Amino acid sequence: MIKKGTKLFSILKFKCPTCHEGDFFLSYPYNLKKIGDLHAQCSKCCLKFSKEPGFYFGAMYVSYGLGIAIFVAVFVANSILNLDLSLFNMFMTVGVILFASTPYLFHLSKIIWANIFFHYKGN
Ligand SMILES: [Zn+2]
């Protein structure tokens, strides 16, 4: 479906941004004990995932963008589907979605941030 070699492949499969084979995270997003923990380096190509200390603080900007995207999606769905939600109910809907998807969005923002700085190099 999504071809190896595209950034979307690395992002959605949580794979190393450079080789698209090694795992990026230690576990799946909803393992709350290891949430957001990533391997020090790729098991296949030995890429160090952290360029410098605090490298992934920048992922907060990506996380913010994802939150805005969810709000816009709820707003558009409200308009297109004629759900007629009040502003309060829209904020509640966004709040519930954000709360439920926080671990997934946390992983997503880190792998997107990594994909901004690391590029696919193939085999
Ligand atoms: Zn790799």
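**Group meeting: two packed helices and some positive phi values**

Okay, let's start with aspartate 84: with 8 C-beta neighbours inside 10 Å, this residue counts as exposed (buried means 20 or more other C-beta atoms within 10 Å of its own, exposed 12 or fewer, partly exposed in between, with C-beta atoms placed from the backbone). Quick housekeeping: this is a predicted model, where local features need pLDDT of at least 70, side-chain atom pairs count only at pLDDT 80 or more, and totals for chains, interfaces and linings use all residues. Residues are numbered from 1 along each chain as its sequence is written.

Back to aspartate 84, which sits in the loop between H2 and H3 (helices are DSSP runs of H or I, at least four residues, numbered from the N terminus). Its phi is positive, about 55°, although it is not a glycine. Most residues other than glycine have a negative phi. Asparagine 82, following H2, has a positive phi too, near 50°.

Phenylalanine 14 is another non-glycine with a positive phi, about 55°. You'll find phenylalanine 14 in the loop between helix H1 (7-13) and H2, and it counts as partly exposed because it has 16 C-beta neighbours inside 10 Å.

Now the helices. How far apart are the axes of H2 and H3? Helix H2 (residues 59-80) and helix H3 (residues 87-117) have their axes 8 Å apart and pack at about 140° (axes are lines fitted to C-alpha atoms over the stretch in contact, and angles run from 0 to 180 degrees between N-to-C directions).

Last, a sanity check on H2: its 22 residues should span 32 Å at 1.5 Å a residue, and the end C-alpha atoms are 31 Å apart, which agrees (the expected span is 1.5 Å times one less than the number of residues).

How values were computed:
Helices (H or I, at least four residues) and strands (E, at least two) are DSSP runs, numbered from the N terminus.
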